[in-house]
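Subject: Structure for your review

Dear colleague,

Please find the structure below, together with its sequence. My notes on what was found in it follow directly after.

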Amino acid sequence: MDSTRTRQALVVRGGWEGHSPVEATERFIPFLKEHGFAVEVHDSPEVYADAERLAATDLVVQCFTQGEATDEQVLGLSAAVAAGTGLAGWHGGVCDSYRGSPDYLHLTGGQWAAHPGGFVEYDVVVLPEKADHELMTGLSPRWSLNTEQYWVLTDELNEVYATTTFEPGEDTPWRETVTCPAVWTRQWGTGKVFVSTIGHKLEDLDHPDVRTLTERGLLWASR
């Protein structure tokens, strides 16, 4: 790849407005531009069917909660990532997207299942063996948050960097402690996928550790 070429970032945002897709992504677009990316914004996944456009894209920032994407669009995105385009996102914008698409779930490696209790106090714990990874180095080993705690269904292809734990209570249908990934990456062909489950509120994205992690994740995933 030509090292003098301006890197291209594609921001796909929309879907359920409760996750403030415009305001959330606007927090990171200036960061990407400061790091040399030309940024193009789309309000639907239609661009994923444009193979030529995606082949020229170094990073896709996916912030589209729920919604629908066609098989052509999802398979186009998956093929582009497999060929080296990076994919990154946070919270429901990346792991609660296109619920009707198994191929999208296969690509991202995790699906939101629930956020028991709504806004709750909970901790995100960095795995000690990942504390020195470039994504996590210098971050606090444990972050306390008051927001949606994502219970996600994932698979073993993911590389997990931080987790969150759900404890059973008298009124919960689960009777044992459950620990879920909170931050993971995934190798897909020659491309990289970064997922953070944190970011329901704009204030969540402003948490110092979350902000640093998310910015690092965008750069890490990029081609």
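A salt bridge is taken here as a side-chain nitrogen of Lys or Arg within 4 Å of a carboxyl oxygen of Asp or Glu. Asp58 and Arg223 satisfy this criterion, as their closest N and O atoms are 3.1 Å apart. Asp58 belongs to the loop between helix 3 (51-55) and strand 3 (59-65), while Arg223 belongs to the segment after helix 8 (208-221), so the salt bridge ties together parts that are 165 residues apart in sequence. Asp58 has a relative accessible area of 0% and is buried, whereas Arg223, at 30%, is partly exposed. Please bear in mind throughout that this is a predicted model.

Other salt bridges

Over the whole structure, the search finds 11 salt bridges. One of them joins the side chains of Arg13 and Glu26, with 2.9 Å from N to O. This pair also links distant parts of the chain, since Arg13 is in strand 1 (residues 7-15) and Glu26 is in helix 1 (residues 21-26), 13 residues apart. Arg13 counts as buried because its relative accessibility is 14%, and the limit for buried is under 20%. Glu26, with 38% relative accessibility, counts as partly exposed.

A further salt bridge is formed by the side chains of Asp96 and Arg99, at 2.7 Å from N to O. Asp96 is buried, having a relative accessible area of 3%, and Arg99 is partly exposed at 49%. In addition, Arg27, Asp206, Arg211 and Glu215 are joined into one network by salt bridges that share partners.

Aromatic pairs and charges over rings

How many aromatic pairs does a search of the whole structure find? There are seven aromatic pairs. In one of these, the ring centres of Phe64 and Tyr98 are 5.8 Å apart and the planes stand at 35°, so the pair is tilted. Phe64 is in strand 3 and Tyr98 in the loop between helix 5 (92-95) and helix 6 (102-108), so that the two are 34 residues apart and the pair links distant parts of the chain. Both partners are buried: Phe64 has a relative accessible area of 8%, and Tyr98 has a relative accessibility of 2%. Trp112 and Tyr150 form another tilted pair, with 6.0 Å from centre to centre and 45° between the planes. Here Trp112 comes from strand 5 (residues 110-114) and Tyr150 from the loop between strand 7 (142-148) and strand 8 (151-154), 38 residues apart. Tyr150 is buried, with a relative accessible area of 2%.

Phe64 and Tyr98 also form one aromatic cluster together with Tyr104. Charged side chains lie over rings as well. The charged end of Lys192 sits over the ring of Trp220, 4.5 Å from its centre. Arg211 lies over the face of Phe28, at 5.0 Å from the ring centre.

The sheet and the helices packed on it

Nine strands form an open sheet of mixed pairing, in the order 2-1-3-4-11-10-9-6-7. Strand 2 (37-42) and strand 7 are the edge strands; each has a single partner strand, so one side of each has no neighbour in the sheet. On average, neighbouring strands are turned by 20° against each other, direction ignored. Within the sheet, strand 6 (residues 119-126) pairs with strand 9 (residues 159-166) in the antiparallel sense over two bridges. Val126 stands opposite Ala162 in strand 9.

Helix 4 (residues 71-82) packs on the sheet, where it touches strand 3, strand 4 (86-90), strand 10 (178-188) and strand 11 (191-196). The direction of helix 4 makes about 115° with that of strand 11. Helix 8 packs on the sheet too, and its contacts are with strand 1, strand 2, strand 3, strand 4, strand 7, strand 10 and strand 11. For helix 8, the angle with the direction of strand 11 is about 165°.

Backbone

Two residues other than glycine have a positive phi: Gln66, near 60°, and His91, near 55°. Gln66 lies in the loop between strand 3 and helix 4 and is partly exposed, with a relative accessible area of 29%. His91 lies in the loop between strand 4 and helix 5 and counts as buried at 1% relative accessibility.

Yours sincerely

Notes: Residues are numbered from 1 along each chain as its sequence is written. This is a predicted model: local features need pLDDT of at least 70, side-chain atom pairs count only at pLDDT 80 or more; totals for chains, interfaces and linings use all residues. Side-chain values use heavy atoms; hydrogens and water are left out. Helices (H or I, at least four residues) and strands (E, at least two) are DSSP runs, numbered from the N terminus. Buried means under 20% relative accessible area, exposed over 50%, partly exposed in between (1.4 Å probe, protein chains only). Rings of Phe, Tyr and Trp (its six-membered ring) pair if their centres lie within 6.5 Å; planes under 30 degrees apart count as stacked, over 60 as edge-to-face and the rest as tilted. A charge sits over a ring if NZ of Lys or CZ of Arg is within 6 Å of the ring centre and within 35 degrees of the ring normal. Two strands pair if DSSP finds at least two bridges between them. Axes are lines fitted to C-alpha atoms, for helices over the stretch in contact, and angles run from 0 to 180 degrees between N-to-C directions. Contact means heavy atoms within 4.5 Å.
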